[in-house]
Amino acid sequence: MTDLRKTLKASLAEARAWLEAALKEEGFGILTEIDVAATLKARLGLERPPYLILGACNPSLAAKALEAEPDLGLLLPCNAVLREGGEGVEILLQDPKGMFQVLSQEKQEALKPVVEEARSRLEKALAKL
């Protein structure tokens, strides 16, 4: 699995706020939220530590990617995971470079500038945390 990650000594709420602010500075907004722990509790009665999946999107990058490859919606948005661990809150960001390796070489080449920009912006957001 390819990802970008960082652990913060903070509450989940603080880490989420910081992550959303850092992503916003890089042109990303949060489109979706999945509270995995709450879903497992409600559906299966399982107790799990807090675990959130946020769907982040940079509209201009998404538009460029979809123009180059209309089927790319299957790989969007970029997911961000926040989960509580022993050292604090771990943040994982989906690495576009690794994610797009499922595409043919031709499509990877066509999307290379978009992928590189998306990865750079996500790295910058993570560095701000």
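On a 1 Å grid over the protein atoms alone, a pocket is an open set of points with protein on both sides within 12 Å along at least five of seven lines, whereas a cavity is a set of points where a 1.4 Å probe fits but cannot get out; lining residues have an atom within 4 Å of a point. The model is predicted: local features need pLDDT of at least 70, side-chain atom pairs count only at pLDDT 80 or more, and totals for chains, interfaces and linings use all residues. Residues are numbered from 1 along each chain as its sequence is written, and side-chain values use heavy atoms, with hydrogens and water left out.

The largest pocket is lined by Lys 97, Phe 100, Gln 101, Gln 105, Gln 108, Glu 109, Lys 112, Val 115 and Glu 116. Its volume is about 190 Å³, a volume being the space filled by probe spheres set on grid points joined across faces, edges and corners. Helix H5 contributes most to this lining, with six residues. Two lining residues are nonpolar, three polar and four charged. Here Ala, Val, Leu, Ile, Met, Phe, Trp, Tyr, Cys and Pro count as nonpolar, Asp, Glu, Lys and Arg as charged, and the others, Gly among them, as polar.

One cavity of 30 Å³ or more was found in the whole structure. It holds about 140 Å³ of space. Of its 17 lining residues, Leu 61, Ala 62, Leu 76, Cys 78 and Ala 118 lie nearest the centre. The lining has 16 nonpolar residues, one polar and no charged. Strand E3 (51-57) and helices H3 (59-68), H4 (96-99) and H5 (105-127) each supply at least two of them.

The protein has five helices and five strands, taken as DSSP runs numbered from the N terminus (helices H or I, at least four residues; strands E, at least two). Their order is β-α-β-α-β-α-β-β-α-α. The radius of gyration, over C-alpha atoms, is 15 Å, close to the 14 Å that the globule rule (2.2 Å times the number of residues to the power 0.38) gives for 129 residues, so the protein is as compact as a globular protein of that length.

The largest nonpolar core (buried Ala, Val, Leu, Ile, Met, Phe, Trp, Tyr and Cys residues joined through side-chain atoms within 4.5 Å) has 33 residues. Buried means under 20% relative accessible area, with a 1.4 Å probe and protein chains only. Leu 19, Leu 82, Ile 91, Leu 93 and Phe 100 have the most contacts inside this core. H5 gives the most to the core, with seven residues. Beyond four places in sequence, Leu 93 is in contact (heavy atoms within 4.5 Å) with Asp 3, Leu 4, Leu 19, Asn 79, Ala 80, Leu 122 and Leu 126.

How values were computed
Buried means under 20% relative accessible area, exposed over 50%, partly exposed in between (1.4 Å probe, protein chains only).
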